[in-house]
Amino acid sequence: MVLSKTSSESDVSLHSTFASRYVRTSLPRFKMPENSIPKEAAYQIINDELMLDGNPRLNLASFVTTWMEPECDKLVMAAINKNYVDMDEYPVTTELQNRCVNMIAHLFNAPLGESETAVGVGTVGSSEAIMLAGLAFKRKWQNKRKAEGKPCDNPNIVTGANVQVCWEKFARYFEVELKEVKLRDGYYVMDPVKAVEMVDENTICVAAILGSTLNGEFEDVKLLNDLLVQKNEETGWDTPIHVDAASGGFIAPFLYPELEWDFRLPLVKSINVSGHKYGLVYAGIGWVIWRSKQDLPEELIFHINYLGADQPTFTLNFSKGSSQIIAQYYQLIRLGYEGYKNIMENCQENAMVLKEGLLKTGRFNIVSKDNGVPLVAFSLKDNSRHNEFAVSDMLRRFGWIVPAYTMPPDAQHVTVLRVVIREDFSRTLAERLVVDIEKVLHELDTLPAKIDAMMSVSAGEDKGPNGGVVKKTALETQREITTVWRKFVMERKKTNGVC
């Protein structure tokens, strides 16, 4: 007797996912489904939806690393199930974190003795690192004010208006006034002179940025330090400096080793840096380093023993993965000083290639500086017919993600495009981007003329039955404009599509 069963009764795992019923129904969006589905189907459906995301390698908006060596990828995957906070269970991972802290502290010229251990911690990113540094400044300032019998309920931080949003978060979350030095046309970083003028007895620190998000420029930390030393001597205060080196901390030591911005300056008490930016590690890993143990109040450090042994911890996050810490150690020992220097020089050279290509078009002003984070920020010389936002939008047709944004006060009238040059952005890609930008500019130049010609037919008037002029309603005009646009776009798709 032959045993058989129909295809509808057979094991669904024998069939193609695309032949199953799971591709005929929408994915749950608000409620967990009642029933399970095969792992193959779950994988395929989610993977297909993720295809609509942008390509990380072409995301030129981001400073975050998008490529690492396969060997490092293997280490990341092997440690994906390790919870970093379990220090007693994963002592080697803890040791690797401590090694990273010490290597970075020495890179930033921390005044450490021969056998002295650096003070610092790995964080989820620079945002957490800045929160921790800010809390340390606030607590030290409060302790000093209390000891002097003075009020300690109105702390402030002085920064430039170009700071990253995490500083605004810190100020709001932890009730610290954020005093911002306004920018001005042509000067898009904090002015040290104006910053020191804003310092008062309630200032817990001045935050300087080594690599502004807006244009990559390094702020003059040396001048800030010298001016603040003078003011402290005049007033009797001891206002310190924190350096937000999220982007520039892994650049300046290799490209500008003589630049004084770090612990060589006496008022610099803490520094944060993003390992997932030019530290060359996938998101998210950051580091915060203190000058000495005296700069991190002991009462902010917690001691726990319910994971196996006494463990000191000073973080906002408790559980977090170990992969990025291991990847950071890999990069530090794999590349060494020589490797990081070569990579940063390549990034800088490719930034210059892009800059020169943009200048040759004759259409752009360069807003970024040659010395700083390897990026190119640029704006249109003439944006009367189309603006930077239109350029950014049309570049997406070629796969490029290039952000357009306005500057903060008092330079908000300036709009720029910005391309961040990362390790995996080659000279070939830089040259290709210039070609695609030129294509976009050509299309934008011709677009208004074509639309204007077509719009003249529906400019708001029509001929009446007796030859008189009949005024169109606003709704009729809008409908005709929409129809013209749709026809124009469909014709371009047929004749000049990009794929």
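The legends below accompany an overview and several close-up views of a predicted model.

**Figure 1. Overview of the predicted protein model.** The protein contains twelve helices and 15 strands. Of its 499 residues, 49% are buried. When contacts are restricted to pairs of residues at least 6 apart in sequence, 68% of them join residues that are at least 24 apart.

**Figure 2. Close-up of the largest cavity and the residues that line it.** The count of cavities of 30 Å³ or more comes to one, and the volume of the largest cavity is about 70 Å³. Its lining draws on several separate parts of the sequence, with Phe63, Val64, Thr65, Thr66 and Trp67 among the residues concerned, and with Lys277, Tyr278 and Leu280 as well as Arg422, Glu423 and Asp424 also taking part. Divided by class, this lining comprises five nonpolar, two polar and four charged residues.

**Figure 3. Surroundings of Lys277, a residue annotated in UniProt.** An unreviewed UniProt entry places the feature "modified residue: N6-(pyridoxal phosphate)lysine" at Lys277. In the model, Lys277 sits in the loop that runs between strand 6 (268–274) and strand 7 (286–290), and Lys277 is one of the residues lining the largest cavity. Is Lys277 buried or exposed? Its relative accessibility is 15%, and Lys277 therefore counts as buried, since the class takes in values under 20%. Beyond the residues up to four places away in sequence, Lys277 touches Phe63, Val64 and Thr65, and also Ala246 and Ser247; Phe63, Val64 and Thr65 also belong to the lining of the largest cavity.

**Figure 4. Backbone features in the loop between strand 6 and strand 7, shown at Leu280 and Gly284.** Leu280 lies in this loop and has a positive phi of about 75° although Leu280 is not a glycine. With a relative accessible area of 2%, Leu280 is buried, and Leu280 is also among the residues that line the largest cavity. Gly284 lies in the loop between strand 6 and strand 7 as well, and the peptide bond joining Ala283 and Gly284 is cis, with an omega of about 0°.

**Figure 5. Asp295 and its contacts in the loop between strand 7 and strand 8 (302–304).** Asp295 has a relative accessibility of 9% and so counts as buried. Which side chain makes a polar contact with the side chain of Asp295? The partner is Ser292, at a distance of 3.0 Å from side chain to side chain. When neighbours within four places in sequence are left aside, Asp295 is in contact with Ala136, Lys140, Lys269 and Trp290.

**Figure 6. The largest pocket and the elements that supply its lining.** About 630 Å³ of space lies in this pocket, which is lined by 28 residues, with Gln97, Asn98, Gly120, Val121 and Pro312 lying nearest its centre. Helix 3 (91–107), strand 1 (119–123) and strand 9 (311–313) each contribute at least two residues to the lining, and the largest share, five residues, comes from helix 3. By class, the lining residues of the largest pocket divide into 13 nonpolar, eleven polar and four charged.

**Figure 7. Leu316 and its contacts in the loop between strand 9 and helix 9 (323–361).** Leu316 is partly exposed, with a relative accessible area of 43%. Although Leu316 and Leu132 are 184 residues apart in sequence, their C-alpha atoms are 7.5 Å apart in space. Leaving out residues up to four places away in sequence, Leu316 touches Glu128, Met131, Leu132 and Leu135.

**Figure 8. Ile366 in strand 10 (residues 364–366).** Ile366 counts as partly exposed at 24% relative accessibility. The C-alpha atoms of Ile366 and Ser379, which are 13 residues apart along the chain, are separated by 6.6 Å. Apart from its neighbours within four places in sequence, Ile366 is in contact with Lys355, Leu358 and Leu359, and with Val376, Ala377 and Phe378.

**Figure 9. Further backbone features, shown at Asn109 and at the bond from Pro409 to Asp410.** Asn109, found in the loop between helix 3 and strand 1, has a positive phi of about 60° although Asn109 is not a glycine. Asn109 counts as partly exposed, at 34% relative accessibility. The peptide bond from Pro409 to Asp410 is cis, with omega near 0°, and Asp410 is placed in the loop between strand 12 (404–406) and strand 13 (415–420).

Key. Residues are numbered from 1 along each chain as its sequence is written. This is a predicted model: local features need pLDDT of at least 70, side-chain atom pairs count only at pLDDT 80 or more; totals for chains, interfaces and linings use all residues. Side-chain values use heavy atoms; hydrogens and water are left out. On a 1 Å grid over the protein atoms alone, a cavity is a set of points where a 1.4 Å probe fits but cannot get out, and a pocket is an open set with protein on both sides within 12 Å along at least five of seven lines; lining residues have an atom within 4 Å of a point. Grid points are joined across faces, edges and corners, and a volume is the space filled by probe spheres set on the points. Ala, Val, Leu, Ile, Met, Phe, Trp, Tyr, Cys and Pro count as nonpolar, Asp, Glu, Lys and Arg as charged, and the others, Gly among them, as polar. UniProt positions are given in the numbering used here, feature names are shortened, and annotations may be inferred rather than shown by experiment. Helices (H or I, at least four residues) and strands (E, at least two) are DSSP runs, numbered from the N terminus. Buried means under 20% relative accessible area, exposed over 50%, partly exposed in between (1.4 Å probe, protein chains only). Contact means heavy atoms within 4.5 Å. A polar contact is a pair of N or O atoms within 3.5 Å; within protein, one must be able to donate a hydrogen and the other to accept it, and residues adjacent in sequence count only if both atoms are side-chain atoms.
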